[in-house]
Amino acid sequence: MKNLSVNPSKGTILIVDDQPDNLRLLSTLLTNQGYIVRKAINGQMAITSARTDPPNLILLDVLMPDLDGYKVCQALKSEPITAEIPVIFISALDEVWDKVRAFSLGAVDYVTKPFQTAEVLARVKGQLSIQHLQAQLKERNGILESLNEELFRSNRELEQFAYVVSHDLQQPIQSVSGFVKLIKLKYEGSLPVDVEAYLERIDLASDRMQKLIKELLNYAQINKQEKRLESVDINILLSQVLDNLNQLIIEKNAVCELEHLPCLTGNPILLIQLLQNLISNGIKFVREGTAPRLKIFCRQGKGEWIFGIEDNGIGIAPENLGKIFEVFQRLNSKDQYPGTGIGLATCKRIVDYHGGRIWAASEVDRGTTFYFTLPVS
Ligand code: ADP
């Protein structure tokens with residue numbers, strides 16, 4: 001459809017009427033208001049004119065010989081080039097049925113003759129404003145859509161880049177680590193103390209880097225995976241997780257209280273990762289001088305299970321609760337609480353993969369509860 005001029009209330013109006021007096025009257029009225037007016041004295045002329053150069057609005061008489069207003073409206077609405085031009089019927093027919101018919105054919109308004117000029121002007125202005133706003137909305141939607149596509153594409157590219165870089169870093173870092181181990185083995189006891197200390201630091205740093213790369217690759221891969229869901233018993237997954245964390249649990253003197261958990265449809269490997277990340281965080285972020293105490297529970301919501309993992313740890317300040325699921329977000333000192341900042345971002349991806357939600361509630365120095373939902377199968 002044609003764009004409106006700078007002033008949003010002005011535009012081109014096609015008046016269709018077989019009575020020259022009516023045409024003249026309306027034309028003078030609208031021209032005086034600053035509209036550009038075109039005229040057609042029968043239905044066929046109106047259709048040709050609208051097709052050739054679509055106006056912003058059509059004022060259409062109903063009773064005309066040959067093609068009446070209804071038929072003209074029908075023809076206009078059936079062609080893409082003219083379908084969106086707003087049509088206001090102007091007619092002496094005043095029956096409800098006539099109006100209903102006009103609206104059902106796609107008219108936006110109906111004015112009964114004899115009309116008040118102020119009324120016609122108000123309706124014309126209203127329709128043109130609506131049309132202008134609709135055009136603006138359409139344009140903005142188009143811009144938003146293309147921005148969205150662009151964002152989606154650059155995210156994909158960035159992810160692919162991160163994946164390739166992490167993948168290619170694996171080999172050299174494994175070589176560094178391997179050669180340090182070889183030197184340590186070959187020259188055990190014969191190296192100066194400071195060289196041994198340097199090697200130890202290289203060894204620790206390359207271990208950290210390998211862990212980071214492994215976690216990053218794992219994070220990137222969740223979105224690449226095809227959905228593989230099966231029936232899982234969360235109690236069994238949880239006992240496997242607690243087995244994996246056994247050493248940490250003993251080391252930190254942690255206590256885990258477990259409720260009976262449901263069976264559902266999910267990806268067992270990813271759900272183990274999810275539970276393991278949340279439980280190991282609950283144990284890791286402990287307050288000094290206290291033993292970690294965790295509660296793992298589940299409630300049934302509307303079409304979903306709501307799981308909770310509650311700890312008595314250091315807690316998270318309210319202003320940070322929105323950030324923690326972003327990748328590489330870490331709130332505490334590296335030395336006191338080592339980590340990569342990828343764990344919760346991975347948890348979020350796993351929950352998204354299953355069509356659930358994840359969030360946390362917390363009180364500083366009292367503890368945190370992580371909640372996540374999974375669909376009831
Ligand atoms: P990290 O490798 O640091 O554990 P995560 O992505 O698992 O990374 O967590 C991100 C940050 O969120 C952590 O560095 C920590 O500051 C905070 N956090 C996560 N879990 C807890 C918790 N249970 N209690 C307090 N803070 C937490």
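**Figure 1. Polar contacts hold our attention in this first view of the ligand.** A polar contact here is a pair of N or O atoms within 3.5 Å. With that cut-off in hand, look at lysine 284 in this predicted model: an N or O atom of the lysine 284 side chain sits 2.9 Å from an oxygen atom of the ligand, so the pair counts as a polar contact. Asparagine 332 also reaches the ligand through its side chain, with a polar atom 2.6 Å from a ligand oxygen. Threonine 340 takes part through its backbone instead, where an N or O atom lies 2.8 Å from an oxygen atom of the ligand. Taken on its own, the ligand has 530 Å² of accessible area, and the protein covers 97% of it.

**Figure 2. The shell around the ligand, residue by residue.** Stepping back from the single contacts, you can count 20 residues surrounding the ligand. Asn281, Asp311, Asn332, Thr340 and Leu344 are the closest of them. What mix of classes does the shell have? Nine of its residues are polar, eight are nonpolar and three are charged.

**Figure 3. Leucine 238 in its helix.** Now we turn to a side chain in helix 8, which spans residues 234–244 and includes leucine 238. Is leucine 238 buried or exposed? Leucine 238 has a relative accessible area of 2%, so it is buried. Setting aside residues up to four places away in sequence, leucine 238 touches Leu258, Leu261, Leu275, Ile279 and Ile296. If you would like a sense of distance, try valine 193: the two residues are 45 places apart in sequence, and their C-alpha atoms are 45 Å apart in space.

**Figure 4. Serine 27 and its neighbours.** This view is centred on serine 27, which belongs to helix 1 (residues 20–32). Its relative accessible area is 9%, so serine 27 is buried as well; the cut-off for that label is under 20%. Which residues does serine 27 touch, not counting those up to four places away in sequence? They are Ile15, Val37 and Lys39.

**Figure 5. The domains that frame these views.** To place the close-ups in the whole chain, note that the protein is divided into domain 1 (8–115), domain 2 (154–222) and domain 3 (230–375). How many ångströms separate the centres of domain 1 and domain 2? Taken over C-alpha atoms, the separation is 75 Å.

Conventions. Residues numbered from 1 in each chain as written. Predicted model: local features only at pLDDT ≥ 70, side-chain atom pairs only at ≥ 80, totals over all residues. Heavy atoms only, no water. Near = heavy atom within 4 Å. Polar contact = N/O pair within 3.5 Å; in protein donor to acceptor, adjacent residues only side chain to side chain. Areas by Shrake-Rupley, 256 points an atom, 1.4 Å probe, with all protein chains shown as cover. Nonpolar A, V, L, I, M, F, W, Y, C, P; charged D, E, K, R; others polar. Domains from an automatic or database assignment. Helix = DSSP H or I, 4+ residues; strand = E, 2+ residues; numbered from the N terminus. Buried < 20%, exposed > 50% of the residue type's maximum accessible area, 1.4 Å probe, protein only. Contact = heavy atoms within 4.5 Å.
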